[in-house]
Amino acid sequence: MFSILANRTFRSLFIAQLVAVLGTGLATVALSLMAYDIAGPQAGSVLGTALAIKMIASVSLAPVAAALAERFSRKSILVGLDLLRAVVMVAFPFVTEVWQIYCLIFVLQAASAGFTPTMRATIPDVLPDERDYTRGLSLTQLTYDLESVASPVIAALLLTFFNFHELFAGTVLGFLASAAFIAVTILPSRRIFTQDKIAKRTLTGMRIYIGTPRLRGMLAFSFVASCGSAMIIVNTVVLVQANMGLTQTATALALATYGAGSMMAALCVPRLLEVIKDRTAMLIGASFIIVGMLAAGFIKTFALILAVMLILGMGYGLIQTPAGRLIRRSSGEADRATVFAAQFSFTHVCWLINYPLAGWLGAAIGLPSTFWLLGGLALVATVSALRLWPRKDPDVLSHVHDNLAPDHQHLHDGRTQGRTVRHAHAFVLDELHERWPANR
C-alpha cells in the first residue's frame, strides 16, 4: 500500500494532510480540556454545541465553496485556506468565555468546508488508476486516524511539561507546514471547465448524490459512523475525568485507542475490498458500531473503555475509508468536485444531529442511556442503508433516453426499441442522465 507514495504529487499532498491533521488533533484534545476548564462537568454540553456550530458551517458552506473553487486555482485555494486556519488557531489560547469558542469554531470550519472537498476532489486526478486510488484512500484515512491516535499521544507527553493552551501552537505549525507543502507541489490541471452559474453548480452535486442509490445508502452508513464518533468526541472527557476521576492523560489514551481501531480497519480495507463489496465492508463497520455503543452502556472500568473505543474505531474506519471510491464510481470528472462537496455537506448533517444529541442527552439523562439511545439510532440507520442501497449494484446499466433523438451521438451503440434507443454503459447521473434507471 505504501508504494503509492512513490507518486511525487500524492506524496506531497499526503504529507501536507498529515501534518495538518496532527495539528488539528492537538487542537481537539486542547479544545476538550479547555471546555472542561471553563465548564467543568458540563463540558460535554459545551462541546456538543461547539461541534454543532462547526457542522452548521460545513453543511451550509461546503457546496458553495466547491462551486466557487471551480473558478480559481486549486493550489491557491488550498494554501489560502490553510493560512486562514492557522490565523484562527492563533486566537484560541486567549479564549476565556464559551461564546468565544463558538465564534472561532465557526470561522475555522468555514475554511475547512472549502479545503477538505477541494483536497479530496484532487486525489482522483492525481491517482487515476482504481487500485492506486483505493490505496491512496486508505493512506488518506490513516492521516485522519492519526488525528485520533498520534495527536493524543503527543498531547499526553506535552501535557507533562506544558499547559493545554500551548497545544494550540502545534495546530498553527501544522497548518503552516501543510500550506508550504502544497505551495511547492505541481497539481494536475483540470481538463473540464464549466460556465454554469454558481447556484446551479452548488445544487448539481447534491442532485447527483441524492439521485444515486448507492450514495444514499452510504449516507445512511455515515449516520451510523457519526453516532459512534459523536459520543467519543463529545463525552470521552466527561466519561474518563468527571465520571471515573481519571487524568487528562487517560483521556488522551482513550481517544488514541479509538483512532488506533480506525487505523487498523483502514489498513485492512484495500485487501478487504478485493474479496468483498464496499456495501458489505460498511455493513460490517456498522455492526461494530452498534455492538460497541450497546456495550458502552455497561462500562465500569477503564479497560472496558479502551475495548469499546477500539471496537467503535474499527467500525468507523470500515465505513469511512471506502467512501471516496463510491463517489468516484458515481460521478463524472466534470461533477466530481461538487459531489465530494455534497458528501462533505450531507455527512456533516449527520454530525450536526448527533453532536448536540450526544452532549445534551449525556448531560440530561447520563452517558449509559445516551450510548444506548444513539446505538438504537445507529441500528435504524443501518436497516435504512440496506434498503436504500440494493445488494445488486452493477456499474453498467441498460437504459433508454426518452429525451434524446434516436440519431444522437450518445446513442451510437444502442439498439432501437420503438421510438426510443436502449443502450448500456457505466452509469452516472449527469446532464444526459438525470434519473437513475427504474428497472436495473
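A residue is called buried here when its relative accessible area is under 20%, exposed when that area is over 50%, and partly exposed in between, with a 1.4 Å probe and protein chains only. The model is predicted, so that local features need pLDDT of at least 70 and side-chain atom pairs count only at pLDDT 80 or more, while totals for chains, interfaces and linings use all residues. Residues are numbered from 1 along each chain as its sequence is written, and side-chain values use heavy atoms, with hydrogens and water left out.

We can start with the charged pairs. A salt bridge is taken to be a side-chain nitrogen of Lys or Arg within 4 Å of a carboxyl oxygen of Asp or Glu, and by this rule the count comes to four. One of them joins D393 to R214, with N and O 2.8 Å apart. This pair links distant parts of the chain, since D393 sits in the loop between helix 15 (367-388) and strand 1 (396-400) whereas R214 belongs to helix 9 (residues 213-243), 179 residues away. Helices (H or I, at least four residues) and strands (E, at least two) are DSSP runs, numbered from the N terminus. D393 counts as buried because its relative accessibility is 16%, and R214 is buried as well, because its relative accessible area is 1%.

A second long-range contact pairs D278 with R325, whose closest N and O atoms are 3.0 Å apart. Here D278 lies in helix 11 (residues 278-296) and R325 in helix 13 (residues 323-329), with their positions 47 residues apart in the numbering. Both D278 and R325 are buried. Salt bridges that share partners also join R214, R329 and D393 into one network.

The pair R85 and D82, by contrast, stays within one helix. The closest N and O atoms of this salt bridge are 2.8 Å apart, and both residues lie in helix 3 (residues 74-91), three residues apart, or about one turn of the helix. R85 counts as buried because its relative accessibility is 6%, and D82 because its value is 0%.

At the surface, I56, L61, L84, F106 and V107 make a nonpolar patch of about 370 Å². Patches consist of residues with over 30% relative accessible area and no salt bridge, like charges being joined within 9 Å and nonpolar side chains (Val, Leu, Ile, Met, Phe, Trp, Tyr) within 5 Å; accessible areas come from the Shrake-Rupley method with a 1.4 Å probe, and for residues only the protein chains shown count as cover. Helix 2 (43-69) and helix 4 (98-126) each supply at least two residues of this patch. L61 is found in helix 2, and L61 counts as partly exposed because its relative accessibility is 31%.
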